[in-house]
Every structure is written in C-alpha cells, then in structure tokens.
Amino acid sequence: MCGIAGFCDYNDDLTDEAPFLGRLVRRMGNTLRHRGPDESGVFLSAHAAFAHQRLAVVDIEGGKQPMTAYAGGYRYTIVYNGELYNSGELRRELEAVGYLFETSSDTEVLLKCYIRYGEKCPQKLNGIFAFAIDDERRGCCFLCRDRFGVKPLFYSVAGGRLAFASEIKALFQYPGINPVADRQALCEIFGLGPARTAGVGVFRGISELEPGFSAVYDRDGLRTKPYFQLESYEHSESYEDTVKQVRYLVEDAVTRQLVSDVPLCT
C-alpha cells in the first residue's frame, strides 16, 4: 500500500509558486504517511505537483517515486499506488520494440507502458492500481484506477485546478477544498454507509474515480471514461473444463501476487 496526492493546472504556469506549492503538496502527502512509511517524494513541474508515500515491496532502491522518464524530448512523471501482476510480460513486450529499463520496478514498466500506448495503456494492465501521470507531450494529467477499485482515488476541481489523492483527508489540505457535508453526504453516511454510491466522495465537491475508469485533465478540463466494464455471458463449458479453468485462474493469481523483495505474509 502506498499513498499518492497532487494537483495540476495546464492553463497556468506554476513555476513562480513553486516554493509554496512544494510545501502544500508535501502536506497533502504527509497525511498519507500511514499508507507508505518507508519513503516519501515530491515532484514539481510548470503544471503539476505530485507527492508519494511509499511502502517498498519491489526493487527497494530502484522503485523510488515520483518517477520520471523521457521520450522524444518530453518528460513523463508518475505517482503510483499498486502492483502489476504482468510486469514481466509487459517489460518483455516493451523491450521488443526498443524500450530500455533502468530498474526492476513495476513502476517503470507502468510509466513506459503509458508512454508507448497512451490512454490505451490500462487495457494492458493486470493488477491493482491507482496512478497519475504528468504528460508533458500531451499537456495533461492522466489518472487511472484498477478494474475493481482495489486501490482508491479521489479528486476535486477547485479554482481551476485538479487535486487528487488516495484518501479524502489529503484533499482537505488544498485551499478551497473543505469538509462540507450536505444533504447528499448525510444520505451517503446514514443511508448507505459504510458503502457509497459509485463515484461519490461523500463531501461536497469531491468525487471518486470509479473502478475501471481513466481520466484526462488538460486545458479543456476533466474528462472521464470507462476502459473496462464487466459483462455477462452464457456459461457453455463442461463441468470438467470449468474445474480446470477455475484452478488455473486461482493458481495463476496466487503465483503472480507472491512477487516481492520483502518478506511475505498470508
């Protein structure tokens, strides 16, 4: 488990505000320290400020975040919470078309997968994740959440800037985002709690990026769209084939999730 937080504005140059914004995004990140006690990092650009709290699991030295890569003269920077279970396959696929890797971290694989495939990269991913990428070439921030929402990601648009975080309380560090509970919030808390309506962040002005969705924030504002939707089909396999397939899926999932550079606990 890690924590990510940040904000971005692609209609304004944040350079002159860098000292203040650096302290601000670090405060946002500090509220998530319990999610990632091993390391912390901050990234600032002309249009974005990212913070990361890391729980180190894979490539302890090489997987530090925020992580930056360059391609075609442009800079791409990611903050990421999660784990890719097909990191090895993706690495080999990217190496086959000329990508080079400096670490064994799945963070670098994810970042270069985005550089290669852009907004279509989530369809390549097998894992649990929530991430944000400052894309210098496209002039946008790309956000994404895994298919079943294992990893959380909340956001709000305040003062023409997008703020996001793994937990709602980090957003309250950003000026203008306040814990206001209106009628809908009370219905969420007392009518549905501890569950929530999909996409609702309970407090006024706060939303949740839904499972299986990605989002782009640029000069034209925020756009969200699904990259995955669960579909049902008639089950036509025999009992024997079904047993084999279920066994394969369970064993494959367990094996992939055992990848770690630190001791495991089950």
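Two strands count as paired here if DSSP finds at least two bridges between them. Keep that in mind for the first few views, which come from a predicted model.

**View 1. Strand S6, wrapped up by its surroundings.** Let's start with S6, which covers residues 127–135. Nine of its nine residues are buried, so this strand is largely enclosed by the rest of the structure. In a regular strand, side chains alternate between the two faces of the sheet. Which residues of S6 sit on each side? One side has Gly127, Phe129, Phe131, Ile133 and Asp135, and the other has Ile128, Ala130, Ala132 and Asp134. Every one of these is buried, so both faces of S6 are covered.

**View 2. S6 and its partner S5.** Here we look at S6 alongside strand S5, which spans residues 74–84. How many bridges hold this pairing? There are nine, and the two strands pair in the antiparallel sense. To find your way in, pick out Ile78: its bridge partner in S6 is Ile133. That Ile133 is also one of the buried residues on a covered face of S6.

**View 3. S6 and S7, a hairpin.** S6 has strand S7 for company too, at residues 140–145. These two run antiparallel and are joined by six bridges. A handy landmark is Ala132, whose bridge partner in S7 is Leu143. Between the two strands of the hairpin there are four residues. Look in the turn for Gly139, which has a positive phi of about 65°.

**View 4. Thr77, tucked into S5.** Back in strand S5, we zoom in on Thr77. Is Thr77 buried or exposed? Its relative accessibility is 0%, so Thr77 counts as buried. The side chains of Thr77 and Thr68 are joined by a polar contact of 2.7 Å. Leaving out residues up to four places away in sequence, Thr77 touches Ala132, Ile133 and Asp134, along with Phe43, Phe50, Pro66, Met67, Thr68 and Leu111.

**View 5. Two prolines after cis peptide bonds.** One of the neighbours that Thr77 touches, Pro66, gets its own close-up. Pro66 is in the loop between strand S3 (48–54) and strand S4 (67–71). The peptide bond leading from Gln65 to Pro66 is cis, with omega near 0°. Now hop over to Pro194, in the loop between helix H5 (183–192) and strand S10 (207–208). The bond from Gly193 to Pro194 is cis as well, with omega near 10°.

**View 6. Val202, with a positive phi.** The loop between H5 and S10 also holds Val202. Phi of Val202 is near 70°, a positive value in a residue other than glycine. With a relative accessibility of 13%, Val202 counts as buried, because the cut-off is under 20%.

**View 7. Val157 in strand S8.** This valine belongs to S8, which runs over residues 154–158. Val157 has a relative accessible area of 47%, so it is partly exposed. It touches Leu162 and Tyr217, not counting residues up to four places away in sequence. For a sense of scale, Val157 and Phe101 lie 56 residues apart in sequence and 35 Å apart in space, C-alpha to C-alpha.

**View 8. A nonpolar patch on the surface.** Our last stop is a patch of about 430 Å². Which residues make this patch? They are Val246, Val250, Val254, Leu258 and Leu264. To place yourself, look for Val250 in helix H6, which covers residues 239–257.

Conventions. Residues are numbered from 1 along each chain as its sequence is written. This is a predicted model: local features need pLDDT of at least 70, side-chain atom pairs count only at pLDDT 80 or more; totals for chains, interfaces and linings use all residues. Side-chain values use heavy atoms; hydrogens and water are left out. Buried means under 20% relative accessible area, exposed over 50%, partly exposed in between (1.4 Å probe, protein chains only). Patches are made of residues with over 30% relative accessible area and no salt bridge: like charges are joined within 9 Å, nonpolar side chains (Val, Leu, Ile, Met, Phe, Trp, Tyr) within 5 Å. Accessible areas come from the Shrake-Rupley method with a 1.4 Å probe; for residues, only the protein chains shown count as cover. A salt bridge is a side-chain nitrogen of Lys or Arg within 4 Å of a carboxyl oxygen of Asp or Glu. A polar contact is a pair of N or O atoms within 3.5 Å; within protein, one must be able to donate a hydrogen and the other to accept it, and residues adjacent in sequence count only if both atoms are side-chain atoms. Contact means heavy atoms within 4.5 Å.
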